[in-house]
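Here's a short set of exercises to work through with the model open beside you. Try each task before you read its solution.

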Amino acid sequence: MKRTRHSIFLLSTSLFAAVLVSLIAGCKTKDSANRASETVSAYAKEFGASAGRLTSKAGEKLGLVEKKWDFVRFAWDAQEKPAAVAHNYSYEDERDLGLALALEFFARQERFEHERLDPYLNLVASALAAHSDRPAMEVRVAVLRGESLHAFGLPGGLILVPLGALRACESESELAGLLAQAVAQCELRLTLARLEHFAAERHAEAKEKSCVSLPPEQLRAVLEDLALDLSRNGLKAEDARVADRRSVDLLMRLGYEPGGLRAHLARAQLKLREKAGGGPLANYAEFKAREETIDARLAELHAPSLGRSIADRYRREGLVHLPAPKL
Amino acid sequence: MPNRRWLTRLHTFRVPWLAMVLLVLAASWVAAEGAALYLRVRFAPVRSKPSLKEGETKHTISVGQKVEVLERSKDGEWVKVKWTEEKKAPEGKEDKEKKAETCEGWIHATLLNTKAPTTETAKTGVAAPEQSLLNRHAQMKKLDTRPLQTLLREPHTNDQLDRFLREGKLGVYREDWPALEGGVTK
């Protein structure tokens, strides 16, 4: 009798121990894996709409921001939802569509090639993409001989940057801001979603089929229209804001000056004002909204204004190789 | 009294109890140390010492590589990891002679995550180059594909990208880079 009791006791204790071990082993990593996001959500829950306006110091005081570097942790854990794409596309499909779209751009604007500038731009963009949530995506940068201030992130990691946008940068962090916005467009499949939208608007069968499966004639028309629309009007305001938010995360992950994109936008506005003869800007509201988005993201991450601006390298590897603008 | 009965029981079985507690502690320690993590950036240097200034780069691992945690540096910024790598067969020899090699080294904790990163999905069924969407499109519109030829070339190697980051003190090369562990326990 005593022996039976002993074995029952031993059995139940072992079972208890096994459950405890599995709980400890399972919960420990899960708990800590979600620590940063939990901190953010607890913080957001407590402060509601004003969450983004809380300063780092106040956050530290409340014990919600563990240390001054938590903004990088938040940037790594930030999840940005990719654009809703109706059909499945393999990476090669995306890449093919991106290349075909790039051809449409090249048909309108000549490509500017430079043996020193191109590798440098590719290194900055690759570094950003390598630290994105699609680290295996291979990015390629091509410079267009245009004076537009928008950079485009085409499906599959192709980035087109006009000379005008490069001229509006004065340091590597500003260039990284500009390219991070384009990398974010690729990462979040914003242009691909736009392409699908264009196709669905024009052809009923595009709702059933992916863009890759469309008859060549139809796809040709859609790509042509999209390239024209993007080069004339740039990204949709809503998409631009999503990409701006993400670009702040990317800059932060890599350690660039967090306000690089904001500084680039300010310079772009100055350039546009110069062109407009000092008058008010027609798209001032759009710039203002983008700046506010960037500021809000920086505040959410409790990001300080410090970071690597690297003006020397940009002047050495980038700026000196840009051709003089046509008058 | 039920309390007293439990105490007596506890006294009788103190050895198994102690053994169980020790077992639980040992198992939880093993579970925490041996956790599997994934590389979340495209590639990363694995160092011989937990520092960028001391030691040397022993290996380079690529995105999604699963590693096992062996230990952590005192400041928690570096993690000693091990993983198995398929050793390439010497030239002229068949693939059958491929051997798995266990590698070890220190990696910056920021670059590891508990979740495997997104991988790019490959196409199912490969179309002949002349039938590819791009070529069809270019031929139909009589577009010049030359600007794409240089664009598609490999612009740089991983080593060049690593040097670029090091020169700019970016990423893990940032001197004041914080200890981030992708949420893994210190």
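Helices (H or I, at least four residues) and strands (E, at least two) are DSSP runs, numbered from the N terminus. This is a predicted model, so local features need pLDDT of at least 70 and side-chain atom pairs count only at pLDDT 80 or more, while totals for chains, interfaces and linings use all residues. Residues are numbered from 1 along each chain as its sequence is written, chains are lettered from A and ligands numbered from 1 in the order in which they are written, and side-chain values use heavy atoms, with hydrogens and water left out.

**Exercise 1. Get an overview of chain A.**

Task: work out how many helices and strands chain A has, and what share of its residues count as buried.

Solution. Start with the secondary structure: chain A has 14 helices and four strands. Next, burial. Buried means under 20% relative accessible area, exposed over 50%, and partly exposed in between (1.4 Å probe, protein chains only). By that yardstick, 54% of the 327 residues of chain A are buried. Last, take contacts, meaning heavy atoms within 4.5 Å. Among those in chain A with a separation of 6 or more, 74% join residues 24 or more positions apart.

**Exercise 2. Check two loop residues with positive phi.**

Task: place A:R189 and A:I310, then decide whether each is buried or partly exposed.

Solution. Take A:R189 to begin with: its phi is near 55 degrees, positive although the residue isn't glycine. A:R189 sits in the loop between α8 (172-187) and α9 (190-202) of chain A. Because its relative accessibility is 22%, A:R189 goes down as partly exposed.

Now A:I310, where phi is near 50 degrees, again a positive value in a residue other than glycine. Its loop runs between α13 (284-300) and α14 (311-317) of chain A. A relative accessibility of 13% is why A:I310 counts as buried.

**Exercise 3. Describe a helix pair within chain A.**

Task: find how the axes of α12(A) and α13(A) cross, and list what makes the contact.

Solution. Axes are lines fitted to C-alpha atoms, for helices over the stretch in contact, and angles run from 0 to 180 degrees between N-to-C directions. The axes of α12 (residues 260-275) and α13 of chain A come within 10 Å and cross at roughly 165 degrees. Angles under 35 degrees count as roughly parallel, over 145 as roughly antiparallel, 65 to 115 as roughly perpendicular and the rest as oblique. So α12(A) and α13(A) are roughly antiparallel.

On the α12(A) side, the contact uses A:L261, A:R262, A:L265, A:A266, A:A268, A:Q269, A:L272 and A:R273, and α13(A) brings A:Y284, A:F287, A:R290, A:E291, A:I294 and A:D295. To sort them, Ala, Val, Leu, Ile, Met, Phe, Trp, Tyr, Cys and Pro count as nonpolar, Asp, Glu, Lys and Arg as charged, and the others, Gly among them, as polar. The tally is eight nonpolar, one polar and five charged residues.

**Exercise 4. Follow one residue of α12(A).**

Task: is A:H264 buried or exposed, and what does it touch?

Solution. A:H264 belongs to α12 of chain A. At 2% relative accessibility, A:H264 is buried. Neighbours within four places in sequence aside, A:H264 contacts A:L149, A:A165, A:A168, A:C169, A:E174 and A:L178.

For contrast, try A:A324 in the segment after α14 of chain A. A:A324 is exposed because its relative accessible area is 68%. From A:H264, A:A324 is 60 residues away in sequence and 19 Å away in space, C-alpha to C-alpha.

**Exercise 5. Cross over to chain B.**

Task: work out how the axes of α6(A) and α5(B) cross, and which residues meet there.

Solution. The axes of α6(A) and α5 (residues 158-167) of chain B come within 10 Å and cross at roughly 85 degrees. That angle is why α6(A) counts as roughly perpendicular to α5(B). A:Y120, A:L123, A:V124, A:S126 and A:A127 of α6(A) meet B:Q160, B:L161, B:F164 and B:L165 of α5(B). By class, that's seven nonpolar, two polar and no charged residues.

Then zoom in on B:F164. Beyond its neighbours within four places in sequence, B:F164 contacts A:Y120, A:L123, A:V124, A:A127, A:E172, A:Y256, A:R313 and B:L170.
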